Amino acid sequence: MSAAARPDTADLEFARYRADFPILAQRIHGRPLAYLDNAASSQRPRAVLDAERRYAEEMHANVHRGVHTLSQRATDAFEGARERVRLFLNARSTREIIFTRGTTEAINLVAQSYARPRLQPGDEILISWLEHHANIVPWQMVTAATGARLVVAPITRRGELDLDGFRDLLSDRTRLVALAHVSNALGTVLPVREIVELAHARGVPVLLDGAQAVPHFALDVRALDCDFYAFSGHKLYGPTGIGVLYGRESLLEAMPPWQGGGDMILSVSFGSTTYNTLPFKFEAGTPHIGGAVGLAAAIDYVEAIGLRRIAAFEHELLGYATERLDRIEGLRIVGTAPAKASLVSFTLEGVHPHDLGTILDQDGIAIRTGHHCAMPVMEFFGVPATARASFAFYNTRAEIDRLADSVGAARALFRGR
Amino acid sequence: MDLKDLYRDVILDHNRHPRNFGPPARPARSARGHNPLCGDQLTVYAVIDGDIVRELRFDGTGCAISVASASLMTEALTGKTVAEANRLFGLVHDLLTRADAPAPPELGKLAALSGVRGFPSRVKCASLCWHTLQAALAQSAEPVSTE
């Protein structure tokens, strides 16, 4: 019944890259692994694994501290990674690149260090209904502590930001706009340029949660003109436990440190402490050096393929998956914005997403099921959970065929044939 | 693991047509169970007369395993004493978590849940209603609602 996958040139080209990912060459429950949970965490190519291992085997020591050779190598590797990230984002300076544990920590840093000291009762932080919990809870924490208000911009039935609604909520009380660049639950790409322009026109700085965007688009924070940009290594084919906060230097400079410890100071006495300069002011304690090295290798890897090529191929996969899944009776795609990253969130009549997740796993297909840490989005669409298939450039049309066939079989099983 | 072992006909049937679904007409002890990981939400209502479970009902949303487990539980425990209900809870708990646990005849249709133990990530789905029932039974005052 299923339309056979029609490999074209792009498919064949991208099939080559798949071999770079050792983890993909395995069977799950006797079937070849179809890893379609890339929005939760992507897999690492051998180039990243090798870079992490080479760092551990040949360079590891603490950074910014020792005069011995290994400490210098580790510092060079770590600061080299920072420069690699700067280039990737097209930031002006490495002083604007803060290494964090991930997107979540980056947003919390801005919430605690930028927002909290500034917020007065009646001030507002403007987010949207599309946000991941990591871009909701840190703002709830600081607004609760300061008497400020969290204001939520509406979304449309297709899962887009309601730009008029957003504009109406921007006010002279708004102190910060914090929005996803790409929705993790639905895949919607937000019109970030317009958002930044609207906010800046009122003098409001903008933080973008780029966790779901960096794996899919070439990024230029200077062109985008955002004030803060956060992303994670592990969604960009890099390691877990490493992420980045880009911040406009003038803003970072004026912010107090948020964690105290080693490396973030210049001098300490019990009377007073002089804080280190950017970016070290925000990096207390020994960082995840090997993670930063791995992230830099991941950036090298995706840029060698080309993010524009990746985006174009993933767009084809998204179109194919949408078409295949849409044909299944009782299947409802949640999130139908015209501009989407390569993921499909859906429900299947009569089959709870968790049952679907178990059934697909038995067929070797890994998808995410649940609320995707975006419970307000689920509430908006009136569903407790969805199934989400998210695609990377190493996925194939044949895997999407298997996904669609397996979803169809699950429906048949639950209907009693 | 075989999927047919997890999704046995009894499970699929109770998922499609849950028994004792919806709150009872008379006052009942109730408790809400929530699995934050997957968003499953169940409310279990127990009408207790002396030490007899006169009526046991539930409602809420969840996957097939959690709905079928709740439906089977309400069927199995209605008319039982609280002590018998607790004993069955122990047997089901063993059935779900111990690879070598036998399915004694007194489990009846509840034995259909034995396939769940092959799927460790789903054990919580099957046990949610049972823990919720324990919470409902632990309430001393009647009627009590957590709403």
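Select Asp225(A), which sits in the loop between helix H8 (221-224) and strand S9 (228-232) of chain A. Helices (H or I, at least four residues) and strands (E, at least two) are DSSP runs, numbered from the N terminus. Phi of Asp225(A) is near 65°, a positive value in a residue other than glycine. Asp225(A) has 15 C-beta neighbours inside 10 Å, so it counts as partly exposed. A residue is buried if 20 or more other C-beta atoms lie within 10 Å of its own, exposed if 12 or fewer, and partly exposed in between, with C-beta atoms placed from the backbone.

The model is predicted: local features need pLDDT of at least 70, side-chain atom pairs count only at pLDDT 80 or more, and totals for chains, interfaces and linings use all residues. Residues are numbered from 1 along each chain as its sequence is written, while chains are lettered from A and ligands numbered from 1 in the order in which they are written.

**Two more loops in chain A**

Go next to Cys373(A), in the loop between strand S16 (368-370) and helix H13 (375-381) of chain A. Phi is near 55° at Cys373(A), again positive in a residue other than glycine. With 17 other C-beta atoms within 10 Å, Cys373(A) is partly exposed.

Then select Leu278(A) and Pro279(A), which are joined by a cis peptide bond with omega about 0°. Pro279(A) belongs to the loop between strand S12 (273-275) and helix H10 (289-305) of chain A.

**The sheet with seven strands**

Display the strands S4-S10-S9-S8-S7-S5-S6 of chain A; in that order, these 7 strands form an open sheet with mixed pairing. Strand S4 (97-100) and strand S6 (149-153) of chain A stand at the edges with a single partner strand each, so one side of each is left without a neighbour in the sheet. From one strand to the next, the twist averages 20°. Angles run from 0 to 180 degrees between N-to-C directions, and axes are lines fitted to C-alpha atoms, for helices over the stretch in contact.

Within the sheet, select strand S5 (residues 124-128) and strand S7 (residues 174-180) of chain A, which pair in the parallel sense over 3 bridges. Two strands pair if DSSP finds at least two bridges between them. Glu124(A) has Thr174(A) as its bridge partner in S7(A).

Now add helix H5 (residues 137-146) of chain A, which packs on the sheet and touches S5, S6 and S7 of chain A. The direction of H5 makes about 145° with that of S6(A). Helix H7 (residues 192-201) of chain A also packs on the sheet, touching S7 and strand S8 (206-209) of chain A, and its direction makes about 160° with that of S8(A).

**A buried strand**

Select strand S17 (residues 386-390) of chain A. In S17(A), 5 of the 5 residues are buried, so the strand is largely enclosed by the rest of the structure. Thr386(A), Arg388(A) and Ser390(A) point one way, and Ala387(A) and Ala389(A) the other way. In a regular strand the side chains alternate between the two faces of the sheet.

Strand S14 (residues 343-348) of chain A runs antiparallel to S17(A), joined by 4 bridges. S16(A) is also antiparallel to S17(A), with 3 bridges. Centre on Ala387(A): Phe346(A) stands opposite this residue, and so does Thr369(A).

**Over to chain B**

Colour chain B by element. Chain B has 5 helices and 3 strands, in the order α-α-β-β-β-α-α-α from the N terminus on. The radius of gyration of chain B, taken over C-alpha atoms, is 14 Å, which agrees with the value near 15 Å for a compact globule of 147 residues. The globule rule is 2.2 Å times the number of residues to the power 0.38. Along the principal axes, the C-alpha atoms of chain B fill a box of roughly 45 × 30 × 25 Å. Buried residues make up 41% of the 147 residues.

Two residues are in contact if their C-beta atoms, placed from the backbone, lie within 7 Å. Of the contacts in chain B with a separation of 6 or more, 66% are between residues 24 or more positions apart.

Select helix H2 (residues 9-16) and helix H3 (residues 64-77) of chain B, whose axes come within 8 Å and cross at roughly 90°. H2(B) and H3(B) are therefore roughly perpendicular to each other, a term for angles of 65 to 115 degrees. Among the residues that meet are Ile11(B) and Leu12(B) in H2(B), and Ile65(B) and Leu72(B) in H3(B).

**Last stop: the two chains together**

Show both chains: 13 residues of chain B are in contact with 13 residues of chain A. The side of chain B that touches chain A has 9 nonpolar, 3 polar and 1 charged residues. Here Ala, Val, Leu, Ile, Met, Phe, Trp, Tyr, Cys and Pro count as nonpolar, Asp, Glu, Lys and Arg as charged, and the others, Gly among them, as polar.

Conventions. Angles under 35 degrees count as roughly parallel, over 145 as roughly antiparallel, 65 to 115 as roughly perpendicular and the rest as oblique.
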